[in-house]
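Open the model in your viewer and keep the sequence beside it. The tour goes from one selection to the next and says what is there.

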Amino acid sequence: MTERLTERTAVTERIAVLGAGVMGAGIARVFARAGHEVRVFDVDPAAATRAAESAGASAHDTVEAAVVSATVVLEAAPERLELKLALLAQIEAANADAVIASNTSSIGADALAAGMRDPSRLVIAHFFNPADTVPLVEVVPGPATPQATVDRMVALLSEAGKVAVPLAQQVPGFIANRLQAALYREAMHLVELGVASPAQVDQVVTAGLGPRWALAGPFEVMDLGGLDVWTSVTDGIFPSLGDASAAPDMLRERADRGELGAKTGQGFLPRDADASARFAGRLRSLIDARDGIVEVPSNLE
Ligand SMILES: NC(=O)c1ccc[n+]([C@@H]2O[C@H](COP(=O)([O-])OP(=O)(O)OC[C@H]3O[C@@H](n4cnc5c(N)ncnc54)[C@H](O)[C@@H]3O)[C@@H](O)[C@H]2O)c1
């Protein structure tokens, strides 16, 4: 089981999920499974109904109906600043005191907070796709978020079976997407140098680094290898690493040609339309297996 629900949270929250797409539907399932009352709103009523049915939640026709009595609002609408600002204003008009958590991946909390009447209500809760499968949620304060709100989100998510990692401050990409971007930059650099093909780089990750990283992060791996060793390794390798400061040509040119990956059938390699669904199923099996062999801390300082 992905959800490590050992004891029910004492408080049943009333949670409104706004935006019932890829992320919102999974987020609704996470909170409904944990025993909270979940209301879903989407501008597309069919999406709200689908998500509500899959979660055991209720679908609502207006923002107000979904949030009016909520204690926590989860915003999972499209990644467009103007749209999110308009939605935040609607939430604030309909509900005076719920915590408002945004699932934004890349919009700064300060940009969201700047449009709010009471920016102390805002916190970022950054889930990973599929939201009801990947344990991690990054919890990020905005410029006016009290620590108590960060703590409350971490507790709520932990009780719902997630691994909630609080950040002390906002930084673009938070932690996970920065680490991922650093690796992707070097992966493309290696291909551009002609060292290996995209498939070979992927093999190095899935057969070597990936399995280790499921059990030990970079700091534990360095501790296990020896910090003297890693001082020499980083001295030796860092000077030759790629330092691109924008999307490399091999990525941008494919995207410009419409080679977008699984959704168009061709990315770095040919991918059929079912690739994403197959991947999600395998990921769930892997995380379930990992749950059986690691003790996952529910909260880290
Ligand atoms: N997809 C991912 O991998 C991923 C991962 C982490 C975070 N996020 C973030 O989650 C948020 C949602 O992304 P997604 O991938 O679920 O998008 P999506 O396009 O799958 O879903 C967005 C949903 O919001 C609905 N919507 C549009 N306008 C709305 C409004 N005004 N009020 C309520 N609902 C509205 C749409 O109808 C759609 O169903 C974005 O901020 C995104 O950056 C996405």
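Where does Pro130 lie? Select Pro130: the residue lies in the loop between strand 6 and strand 7 (136-141). Helices (H or I, at least four residues) and strands (E, at least two) are DSSP runs, numbered from the N terminus. The peptide bond from Asn129 to Pro130 is cis, and its omega is near -5 degrees. Most peptide bonds are trans, and most residues other than glycine have a negative phi.

Two notes apply at every stop. Residues are numbered from 1 along each chain as its sequence is written. The model is predicted: local features need pLDDT of at least 70, side-chain atom pairs count only at pLDDT 80 or more, and totals for chains, interfaces and linings use all residues.

**The domains**

Colour residues 14-166 as domain 1 and residues 176-257 as domain 2, following the domain assignment of the protein chain. These bounds come from an automatic or database domain assignment. Between the C-alpha centres of domain 1 and domain 2 there are 32 Å.

**Strands 1 to 3**

Select strand 1 (residues 14-18) and strand 2 (residues 37-41). Five bridges pair strand 1 with strand 2 in the parallel sense; two strands pair if DSSP finds at least two bridges between them. Val17 has Val40 of strand 2 opposite. From strand 1 the chain passes through helix 1 (residues 22-33) to strand 2, a β-α-β crossover that is right-handed. A crossover is right-handed if, with the strands pointing away from the viewer, the path from the first strand over the helix to the second runs clockwise.

Stay on strand 2, where four of the five residues are buried. A residue is buried if 20 or more other C-beta atoms lie within 10 Å of its own, exposed if 12 or fewer, and partly exposed in between, with C-beta atoms placed from the backbone.

Add strand 3 (residues 58-60), which runs parallel to strand 2 and is joined to it by three bridges. Here Phe41 stands opposite His60. Strand 2, helix 2 (residues 45-55) and strand 3 form a right-handed β-α-β unit.

**Helix 1 and the ligand**

Now select helix 1. Its 12 residues reach 18 Å from the first C-alpha to the last, close to the 16 Å expected at 1.5 Å a residue. The expected span is 1.5 Å times one less than the number of residues. Helix 1 is largely enclosed by the rest of the structure, because 10 of its 12 residues are buried. Among the buried residues of helix 1 are Met23, Ile27, Arg29 and Phe31.

Show the ligand next. Which residues come nearest to the ligand? Of the 24 residues around the ligand, these are Gly19, Gly21, Met23, Glu79 and Asn129. A residue counts as near if its C-beta atom, placed from the backbone, lies within 6 Å. Helix 1, helix 4 (81-94) and strand 6 (122-127) each supply at least two residues of this shell, and helix 1 gives the most, with three. The shell divides into 13 nonpolar, eight polar and three charged residues. For this division, Ala, Val, Leu, Ile, Met, Phe, Trp, Tyr, Cys and Pro count as nonpolar, Asp, Glu, Lys and Arg as charged, and the others, Gly among them, as polar.

**Strands 7 and 8**

Move to strand 7 and strand 8 (163-166). Strand 7 and strand 8 run parallel and are joined by four bridges. The bridge partner of Val139 is Pro166 in strand 8. The chain reaches strand 8 from strand 7 through helix 6 (residues 147-159), and this β-α-β crossover is right-handed.

**Phe174 and helix 7**

Select Phe174, in the loop between strand 8 and helix 7. Phe174 is a residue other than glycine with a positive phi, near 50 degrees. Phe174 counts as partly exposed because it has 19 C-beta neighbours inside 10 Å.

Helix 7 (residues 176-193) has 18 residues and spans 26 Å from its first C-alpha to its last, close to the expected 26 Å. Gly194 follows helix 7 and has a positive phi, near 85 degrees.

**Last stops**

Ile107 lies in the loop between strand 5 (99-102) and helix 5 (109-114). The C-alpha atoms of Ile107 and Arg80 are 8.0 Å apart, with their positions 27 residues apart along the chain.

Finish at Arg282 in helix 12 (residues 275-291). Is Arg282 buried or exposed? Arg282 is exposed, because 10 other C-beta atoms lie within 10 Å.
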